[in-house]
Amino acid sequence: MRHLDSITIQCAAVALLAPLASAQVVTRFVDPLATDPEIVEVELPLADGVPLEHFVAVNPSNDNGRLFVWLSGSGGAPGQYQALSTTAAEIGYDVVGLVYDSWPAVNLFTTNDTDPTLPERIRRERLFGEDLFDEINVNPANSVVNRLAKIIQHQSTNHPAEPWSRYLTPSGEVNWRRVVVGGHSQGAGHTAYLTKAFELDGALLIAGPGDFVQGLGTAPWVFEPSLTPADRCFAFTHVDDPTAPGFFGNQRILGLDAFGPIESVDGKAAFQIDSHMLASVLPVPPGDAHSAVAVDALLPLDANGVPVYRPAWLSMFTRVAPGPCTPADITSTSACEPGLSDGAVDLSDFSCYLSLWAASDPAADLTTIGACQPGTGGDGVTLSDFACYLGIWSVGCP
């Protein structure tokens with residue numbers, strides 16, 4: 001199960017946070033125009049001097065097999081969210097902060113409009129490039145989905161030693177099963193919409209999702225069923241955010257309240273946080289509450305200059321895509337994708353390993369000269385590997 005008890009969370013936190021002190025995160029900015037000749041520059045008036053470029057972060061010494069994709073708020077750029085993004089990289093995610101067409105803000109179009117379809121039409125045009133709203137112009141090449149696929153392809157070509165190719169399908173599309181999407185404000189709304197369209201490995205909703213229709217309330221699309229299970233979704237909101245009551249309401253519609261009530265993260269370590277609906281009541285300057293949970297320039301810092309919300313981010317990152325409970329845990333939602341896991345050892349794991357072993361797949365090479373040391377490999381795929389896997393699979397998760 002994805003919803004872990006507190007003891008499991010503590011164990012996972014200790015294991016996952018241990019590398020942080022020595023983690024060497026590599027970051028780079030990439031011009032979106034360099035990834036696809038059809039991509040054009042976008043207007044981001046709130047970028048505050050940071051590059052209008054994709055932000056990429058990797059940690060060569062630590063790998064959890066997932067890609068974290070960050071979608072900034074309206075008119076902002078990923079370079080304004082480097083603290084949050086590099087936190088993901090420190091614990092093993094590969095990270096892409098995406099530059100995309102996010103201006104004007106969705107609510108500037110919808111606040112005084114009674115059309116219940118308008119919020120969804122705006123999101124579909126920006127996410128997929130569908131021609132649905134005359135006041136914005138996003139074609140398929142400049143959609144979020146294409147921009148993401150092209151930056152992954154670009155990184156795979158230019159950094160072949162990094163494992164970017166696993167985030168693409170054989171046809172060059174995004175492999176959403178390996179992707180955790182997060183977003184702030186408008187980006188949170190896009191993230192929530194993507195949970196409807198794809199089975200993501202997880203979703204983080206920071207200060208969102210919004211989307212309200214005058215005279216109706218929450219936009220109808222929020223009520224649509226999601227392909228991404230609610231237990232893979234987390235939200236973080238400041239209670240002084242003017243739209244916080246609406247955000248909390250939408251998070252409940254998405255099913256996040258099934259995992260506990262709204263929980264304050266203030267003063268807590270990552271392993272002490274249990275809920276999927278997180279909040280802060282920490283005083284921040286007036287007008288900053290909407291962005292203080294994620295934007296670098298507005299983050300409250302502790303006495304050592306560390307963002308006070310780092311434990312909340314760590315809690316979400318470690319729980320949304322938990323590492324394997326044992327080396328026998330090799331499947332994600334019953335899919336045979338070695339390197340992913342679902343926090344449980346069951347028949348799907350055994351079936352997956354059996355198919356890998358029968359095909360002499362290198363992922364089935366667990367032993368070194370017959371010794372059962374899962375993950376070491378080096379002597380080819382033999383009967384000793386099968387015996388080793390059977391032994392660790394029979395024990396299950398602790």
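**Asking why: helices, loops and a pocket**

Author: Buried residues (those under 20% relative accessible area, against over 50% for exposed and in between for partly exposed, with a 1.4 Å probe and protein chains only) make up 53% of the 398 residues in the protein chain. This is a predicted model, in which local features need pLDDT of at least 70 and side-chain atom pairs count only at pLDDT 80 or more, while totals for chains, interfaces and linings use all residues. Residues are numbered from 1 along each chain as its sequence is written, and side-chain values use heavy atoms, leaving out hydrogens and water.

Reader: How many helices and strands are there in the chain?

Author: The protein chain has 10 helices and 11 strands. Both are DSSP runs numbered from the N terminus: H or I over at least four residues for a helix, E over at least two for a strand.

Reader: Let's look at α9 and α10. What makes α9 roughly antiparallel to α10?

Author: The axes of α9 (residues 347-358) and α10 (residues 383-395) cross at roughly 175° and come within 11 Å. Axes are lines fitted to C-alpha atoms, for helices over the stretch in contact, and angles run from 0 to 180 degrees between N-to-C directions. Under 35 degrees counts as roughly parallel, over 145 as roughly antiparallel, 65 to 115 as roughly perpendicular and the rest as oblique. The angle is therefore in the antiparallel range, and α9 is roughly antiparallel to α10.

Reader: Which residues of α9 and α10 meet?

Author: With contact taken as heavy atoms within 4.5 Å, Leu347, Asp349, Phe350, Tyr353, Leu354 and Trp357 in α9 meet Leu383, Asp385, Phe386, Tyr389, Leu390 and Trp393 in α10. By class, this contact has 10 nonpolar, no polar and two charged residues. Ala, Val, Leu, Ile, Met, Phe, Trp, Tyr, Cys and Pro count as nonpolar, Asp, Glu, Lys and Arg as charged, and the others, Gly among them, as polar.

Reader: And why is α4 called roughly perpendicular to α6?

Author: The axes of α4 (residues 118-128) and α6 (residues 186-197) cross at roughly 85° and come within 10 Å. That angle makes α4 roughly perpendicular to α6. Among the residues in their contact are Arg123 and Leu127 of α4 and His190 and Tyr193 of α6.

Reader: Now the loop between β6 and β7. How do you know that Ala207 is buried?

Author: Ala207 has 1% relative accessibility, so it counts as buried. Asp211 has a relative accessible area of 8%, so it is buried too. Ala207 lies in the loop between β6 and β7, and Asp211 lies there as well.

Reader: What is the phi of Ala207, and what is that of Asp211?

Author: Phi is near 55° for Ala207 and near 75° for Asp211. Most residues other than glycine have a negative phi, and most peptide bonds are trans. In this loop, a cis peptide bond with omega about 0° joins Gly208 and Pro209. The bond from Trp103 to Pro104 is also cis, with omega near 5°.

Reader: Last one! What is the volume of the largest pocket?

Author: About 580 Å³. The residues closest to its centre are Ser74, Asn107, Ser185, Gln186 and His290, out of 28 that line it. A pocket is an open set of points on a 1 Å grid over the protein atoms alone, with protein on both sides within 12 Å along at least five of seven lines; lining residues have an atom within 4 Å of a point. The volume is the space filled by probe spheres set on the points, which are joined across faces, edges and corners.

Notes. 1 Å grid on protein atoms, 1.4 Å probe; cavity = no way out; pocket = protein on both sides within 12 Å on 5 of 7 lines; lining within 4 Å.
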